Amino acid sequence: MDEELRAWVRSARAIAVLSGAGMSAESGVPTFRDALTGLWARFDPQQLATEAAFRRQPQLVWDWYAERRAALERVQVNAGHVAIADFQRRHPGRLTVITQNVDGLHQRAGSAGVLALHGNIAQDRWLDAPRACCNEAVLADGRPPRCGVCGNLRRPAVVWFGEMLPEAELTAAQAAAEACDLMLVVGTSGEVYPAAGLASVAGQAGARVLIVNPDATALDGVATRCLRATAAVALPALLDGA
Ligand code: APR
């Protein structure tokens with residue numbers, strides 16, 4: 001590992017990690033902009049991950065999430081998730097994880113205080129504002145659970161295209177981006193805002209911005225340096241022992 005980059009980590013008072021789907025690629029979780037495989041190859045996530053799609057075809061969207069949830073139960077965190085969690089344990093309060101991922105793998109690796117900007121695929125919430133009758137969903141074999149009285153559906157507690165990000169997480173993420181002196185932008189194409197904008201927020205606040213990605217990204221222009229490497233290889237080399 002480039003000694004200059006390890007010196008950046010050692011000297012950083014506050015580090016922010018902004019992670020995307022590439023963070024979990026070496027755990028076997030397909031990234032968004034990889035071709036969707038198998039049954040879903042004919043769909044574009046933007047066709048499925050919207051409230052309109054869920055209202056139009058609740059079973060299809062529910063099945064897509066059910067398959068992704070089942071797949072996540074079979075994957076393991078990778079050395080990149082572990083390196084971040086271990087660094088947080090050695091240096092409490094010095095590294096903040098901001099993630100676009102809904103897979104919960106940072107949390108599973110032991111990271112604390114993860115700012116999950118796009119929600120968590122393992123959780124559900126009511127599709128419409130819950131009424132007094134919506135106190136428990138009627139689980140229906142394989143169908144989207146619904147309120148037995150008014151039919152209100154349960155939906156995955158993730159941020160769909162066109163939806164607002166959770167305000168508390170976004171505010172905390174912006175504060176972490178402004179306060180850090182090093183931002184590691186790991187495994188994201190940088191195409192989806194406002195998450196992608198956090199790299200510029202950090203850079204404009206004077207932080208060094210290091211992109212960790214085997215490929216070019218839309219954020220390369222705001223990077224101090226780009227490290228053409230994968231998350232599970234680069235992050236242990238950068239963080240372990242620092
Ligand atoms: N290590 C690091 N980066 C990797 C790896 C790896 N092993 N494998 C792939 N990548 C990179 C790809 O080169 C790509 O730049 O990860 C990035 C994944 O980009 P996307 O698939 O666009 O995922 P992401 O940037 O997280 O998408 C952002 O868009 O679809 C919406 O809400 C969804 O959170 C998602 C958001």
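Leaving aside neighbours within four places in sequence, which residues is leucine 170 in contact with? In this predicted model, the residues in question are Leu117, Leu165 and Pro194. Leucine 170 itself is placed in helix H7, which spans residues 167-179. Its relative accessible area is 16%, and the residue is classed as buried because the cut-off for that class is under 20%. Of the contacts listed, Leu117 is separated from leucine 170 by 53 residues in sequence, yet the two C-alpha atoms are 6.3 Å apart in space.

Another of the contacts of leucine 170, Pro194, belongs to the loop that runs between strand E8 (182-186) and helix H8 (197-204). The peptide bond that joins tyrosine 193 to proline 194 is cis, with an omega of about 5°.

Histidine 118 is listed by UniProt, in an unreviewed entry, under "active site". This residue is located in the loop between strand E3 (115-116) and strand E4 (119-126). With a relative accessibility of 14%, histidine 118 is counted as buried. Apart from neighbours within four places in sequence, histidine 118 has contacts with Thr99, Gln100, Val102, Val158, Val159, Leu165, Val192 and Ala195. For glutamine 100, the backbone oxygen is reached by the side chain of histidine 118 at 3.2 Å. Leu165 appears among the contacts of histidine 118 and also among those of leucine 170.

The unreviewed UniProt entry also lists Tyr65 and Arg68, in this case under "binding site". Tyrosine 65 is part of helix H4, residues 58-73, and arginine 68 lies in helix H4 as well. Are these residues buried or partly exposed? Tyrosine 65 has a relative accessibility of 3% and is therefore counted as buried. Arginine 68, by contrast, has a relative accessible area of 21% and so falls in the partly exposed class.

When residues up to four places away in sequence are not counted, tyrosine 65 touches Ala49, Ile121, Pro156, Val158 and Trp160. For arginine 68, with neighbours within four places left aside, the contacts are Phe32, Val102 and Ile121. Ile121 is thus found in the contact list of tyrosine 65 and in that of arginine 68. There are also links to the residue listed under "active site": Val158 is in contact with tyrosine 65 and with histidine 118, while Val102 is in contact with arginine 68 and with histidine 118.

Helix packing was examined for one pair. The axes of helix H1 (residues 3-11) and helix H9 (residues 231-239) come within 8 Å and cross at roughly 60°. The two helices are therefore oblique to each other. On the H1 side the contact is formed by Leu5, Arg6 and Val9, and on the H9 side by Ala237, Leu238 and Leu239. Sorted by class, this contact holds five nonpolar residues, one charged residue and no polar residues.

A further position considered is alanine 25, which is found in the loop between strand E1 (15-19) and helix H2 (45-48). Its relative accessibility of 36% is the reason why alanine 25 counts as partly exposed. The C-alpha atom of alanine 25 is separated by 11 Å from that of threonine 188, a residue 163 residues apart from alanine 25 along the chain.

How values were computed. Residues are numbered from 1 along each chain as its sequence is written. This is a predicted model: local features need pLDDT of at least 70, side-chain atom pairs count only at pLDDT 80 or more; totals for chains, interfaces and linings use all residues. Side-chain values use heavy atoms; hydrogens and water are left out. UniProt positions are given in the numbering used here, feature names are shortened, and annotations may be inferred rather than shown by experiment. Helices (H or I, at least four residues) and strands (E, at least two) are DSSP runs, numbered from the N terminus. Buried means under 20% relative accessible area, exposed over 50%, partly exposed in between (1.4 Å probe, protein chains only). Contact means heavy atoms within 4.5 Å. A polar contact is a pair of N or O atoms within 3.5 Å; within protein, one must be able to donate a hydrogen and the other to accept it, and residues adjacent in sequence count only if both atoms are side-chain atoms. Axes are lines fitted to C-alpha atoms, for helices over the stretch in contact, and angles run from 0 to 180 degrees between N-to-C directions. Angles under 35 degrees count as roughly parallel, over 145 as roughly antiparallel, 65 to 115 as roughly perpendicular and the rest as oblique. Ala, Val, Leu, Ile, Met, Phe, Trp, Tyr, Cys and Pro count as nonpolar, Asp, Glu, Lys and Arg as charged, and the others, Gly among them, as polar.
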